[in-house]
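Grab a coffee and open the model in your viewer. Try each exercise yourself before you read the solution.

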Amino acid sequence: MTTIPEEMYKYHTWANQTILGRIRELPPSVLSQEVNTSFPTLAHALSHIYAVDQMWYLVLTGMEMPEAFQATRPLNERVLESLDDYAHAYNELAEQFSTWFQGQPDMEQSVLLNNPFAGPRQTRLSEMVLHLVNHGSYHRGNLSTMLRQLGHASTMNDYALYWYQEPAATRG
């Protein structure tokens, strides 16, 4: 049976693909068009979401958070050449997460999270996954705002829409 954190991660993957799909409908130049907002370009925002997802994957699979943060810092600063490159990177990471979820017997297991910005804290694996999903939702909102600033409509990618878009069989 699918756990709530796993289901939320599936939503996160779907929502990322949904926003990527919307951007794919636009001219390729929109990826690197500058805007005056949280990120200079859509590509920078997509890189940030990916880098943070990768950082949390490393933490969830046993790396200490300060080391995971340092290991993924270059990903946050690097923009990829095309939307296909982003889609491929996001898909690869989603496959890694899927494998991790399959081998995870207890999502409520608590581990010591040594956050370099906030200090150590006992944190459940489920909380980390839910944080990752929340972080992605926040920045997909940034992407929607950026698209509007560039004169383009965004697309709905709310969790409630996911309920109706994803076939029930894939949700466990």
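Below are five short exercises, each with a worked solution.

A few ground rules come before the exercises. This is a predicted model, so to speak of a local feature needs pLDDT of at least 70, side-chain atom pairs count only at pLDDT 80 or more, and totals for chains, interfaces and linings use all residues. Residues are numbered from 1 along each chain as its sequence is written, and side-chain values use heavy atoms, with hydrogens and water left out.

**Exercise 1. The core**

Find which elements give two or more residues to the largest nonpolar core.

*Solution.*
- Start with the term: a nonpolar core is a set of buried Ala, Val, Leu, Ile, Met, Phe, Trp, Tyr and Cys residues joined through side-chain atoms within 4.5 Å. Buried means under 20% relative accessible area, exposed over 50%, and partly exposed in between (1.4 Å probe, protein chains only).
- Next, the core itself: it has 52 residues, and those with the most contacts inside it are Leu42, Leu46, Trp56, Phe97 and Trp100.
- Now the elements: helix 1 (4–24), helix 2 (42–60), helix 3 (65–77), helix 4 (83–102) and helix 5 (125–149) each give two or more residues. Helix 2 gives the most, with 14 residues.
- Helices (H or I, at least four residues) and strands (E, at least two) are DSSP runs, numbered from the N terminus.

**Exercise 2. Trp56 up close**

Leaving aside neighbours within four places in sequence, work out which residues tryptophan 56 is in contact with.

*Solution.*
- Contact means heavy atoms within 4.5 Å.
- With that cut-off, tryptophan 56 is in contact with Met65, Leu113, Met128, His131 and Leu132.

**Exercise 3. The two sides of helix 4**

Check the span of helix 4, then sort out its buried residues.

*Solution.*
- The expected span is 1.5 Å times one less than the number of residues. The 20 residues of helix 4 should therefore span 28 Å, and the end C-alpha atoms are 29 Å apart, which agrees.
- The buried residues are Leu83, Tyr86, Ala87, Ala89, Tyr90, Leu93, Ala94, Phe97, Trp100 and Phe101. They cover an arc of only 165° around the axis (taken from the directions from the helix axis to the C-beta atoms), so they sit on the same side of helix 4.
- Some background: an α-helix has 3.6 residues a turn, so residues three or four places apart point the same way.
- The face turned away from the buried side carries the exposed residues Asp84, Glu95, Thr99 and Gln102.
- What covers the buried residues of helix 4 includes helix 1, helix 2 and helix 5.

**Exercise 4. The largest pocket**

Find which helix gives the most to the lining of the largest pocket.

*Solution.*
- On a 1 Å grid over the protein atoms alone, a pocket is an open set of points with protein on both sides within 12 Å along at least five of seven lines, and lining residues have an atom within 4 Å of a point.
- The largest pocket is lined by 15 residues, of which His48, Val52, Met55, Phe69 and Phe117 lie nearest its centre.
- Helix 2, helix 3 and helix 5 each give two or more residues to this lining. Helix 3 gives the most, with six residues.

**Exercise 5. Two residues to compare**

Decide whether histidine 135 is buried or exposed, and do likewise for alanine 118.

*Solution.*
- Histidine 135 is found in helix 5. At 13% relative accessibility, histidine 135 counts as buried.
- Leaving aside neighbours within four places in sequence, histidine 135 is in contact with His48, Ile49 and Val52.
- Alanine 118 lies in the loop between strand 1 (110–115) and strand 2 (119–124). At 68% relative accessibility, alanine 118 counts as exposed.

Key:
On a 1 Å grid over the protein atoms alone, a cavity is a set of points where a 1.4 Å probe fits but cannot get out, and a pocket is an open set with protein on both sides within 12 Å along at least five of seven lines; lining residues have an atom within 4 Å of a point.
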